[in-house]
Amino acid sequence: MAALLEPPPPFPLLPPNSNSTRPIPYNLKLGRPANSSNKPALLRSLHSPTTTTTTPCCAATPEQPVSESPDPVPGTALVRTRDRRRAVRLAWEKLVRWSRSWRSKAKTDVLERTNKVVVLGGGSFATAMAAHVANRKAQMEVNMLVRDVQVCQSINSNHCNRKYFPEHKLPDNVIATTDAKTALLGADYCLHAVPVQFSSSFLEGIAEHVYPGLPFISVSKGLELNTLRTMSQLIPQALNNPRQPFIALSGPSFALELMNKLPTAMVVASKDKKLANAAQQLLACNYLRISTSSDVIGVEVAGALKNVLAIAAGIVDGMNLGNNCKTALVAQGCSEIRWLATKVPYFDNWCFMSLVVALVSIFFLFVYLFCKL
């Protein structure tokens, strides 16, 4: 091509359309100015963003002007970045809205699918949980399986548990019965509120009426004295079903405050995440906050050993040792309970019993030392 065969221009070389008289250093090795590109003239003319030149293709071909795109607008890259960020933000907001709508729909589905809940026990906390669940849905049938005939008649006749809550009226959809078959027939969830020390014999008596897939929500706190079994171990063994769905419900809660609908926070723990979420959606409301966890053993051990802290804190108050002493006691106790919960799966019953006794001894020794100071 003619442009490629032209000899190098004489020295000095001035740039085109330039009014400067300062010469440009000439690159003797490459045969072109030192600041010029290594590309041939034709390629420079085609790829240059700022100049518009005409290059003859051959001697017989007339010159054809090569048009180039106009100069880019300053700040175009910044505008594109802002547009991309805005698109990502809008997509994320859509995803969040969809997630919230899906979760609210799931909550509605759990309540809509639940038609019957059975509560095992007729004590104070069993009555409070039965009233709470019944208030969640008026069309839901809540059966209380009790052993005391007088408590059963009081609930069915007067809609109150005269033994524990004589001044609190229960919802109309709460029904008490002493027949296990009638209570458990067609139940969607089972709330276990029988004291731990009587749970094994109670469950063995009703095992034949329990559906193998019925989820058990245990609100009983403590360890069985002779075997030191937790409720997650006791319930499947008593029902002779190792795969019985189990959920542990625990937290700082009093039955009277729950009946009065005061703000309360609790936690549900299960190895099945979907089961824990279902229990959360069944029980949570505007005055009861329910959190979920997968640490079943930790929740059960903390719920059992917290009473040791409560006794020690009561001793501190009774001896007027002050809030500093009680705060130190609670902080140290929570730390030791957390440590013990992580070691429970690796201990046998006797070792676990020794640790519990040692923990209790440490608490009372701690209180005794503060008394001597």
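This is a short walk through the sheet, its helices, a surface patch and the salt bridges of one structure.

Hi everyone, thanks for coming. Before we start, please keep in mind that this is a predicted model.

Let's begin with the sheet. Eight strands make up an open, mixed sheet, and their order is β5-β4-β3-β6-β7-β8-β9-β10. Which strands stand at the edges? They are β5, residues 174-177, and β10, residues 288-293. Each has a single partner strand, so one side of each has no neighbour in the sheet. From one strand to the next, the twist averages 25°.

As a reminder, strands of a sheet pair through backbone hydrogen bonds, in either a parallel or an antiparallel way. For one pairing in detail, take β8, residues 246-250, and β9, residues 264-269: they are antiparallel, with three bridges between them. Within that part of the sheet, Ser250 has Val267 in β9 as its bridge partner.

Now the helices that lie across these strands. Helix α4, residues 124-136, lies across β3, β4, β5, β6, β8, β9 and β10. Its direction is at about 170° to β4, which spans residues 141-145. Helix α5, residues 149-158, lies across β4 and β5, and runs at about 150° to β5.

Next, please find helix α3, residues 76-113. Leu95 sits in this helix, and together with Trp92 and Trp98 it makes a nonpolar surface patch of about 410 Å². Is Leu95 buried, partly exposed or exposed? Its relative accessible area is 45%, so Leu95 counts as partly exposed. Asp109 also belongs to α3, and is partly exposed because its relative accessible area is 25%. Have a look at Gln281 as well: 172 residues separate it from Asp109 along the chain, yet their C-alpha atoms are 9.4 Å apart.

Last topic: salt bridges. How many does a search of the whole structure find? The result is two. One joins the side chains of Arg229 and Glu224, at 2.8 Å from N to O, and both of these residues are buried. The other joins Lys326 and Asp317, at 3.2 Å from N to O. Here Lys326 is partly exposed, with 24% relative accessibility, and Asp317 is partly exposed too, at 41%. So we have one bridge whose partners, Arg229 and Glu224, are both buried, under the 20% cut-off, and another with partly exposed partners, Lys326 and Asp317.

That's my tour. I'm happy to go back to any part of it with you.

Methods
Residues numbered from 1 in each chain as written. Predicted model: local features only at pLDDT ≥ 70, side-chain atom pairs only at ≥ 80, totals over all residues. Heavy atoms only, no water. Patch = residues over 30% accessible without salt bridge, like charges linked within 9 Å, V, L, I, M, F, W, Y side chains within 5 Å. Areas by Shrake-Rupley, 256 points an atom, 1.4 Å probe, with all protein chains shown as cover. Salt bridge = Lys/Arg side-chain N within 4 Å of Asp/Glu carboxyl O. Helix = DSSP H or I, 4+ residues; strand = E, 2+ residues; numbered from the N terminus. Buried < 20%, exposed > 50% of the residue type's maximum accessible area, 1.4 Å probe, protein only. Pairing = 2+ DSSP bridges. Axes fitted to C-alpha atoms, helices over the stretch in contact; angles between N-to-C directions. Contact = heavy atoms within 4.5 Å.
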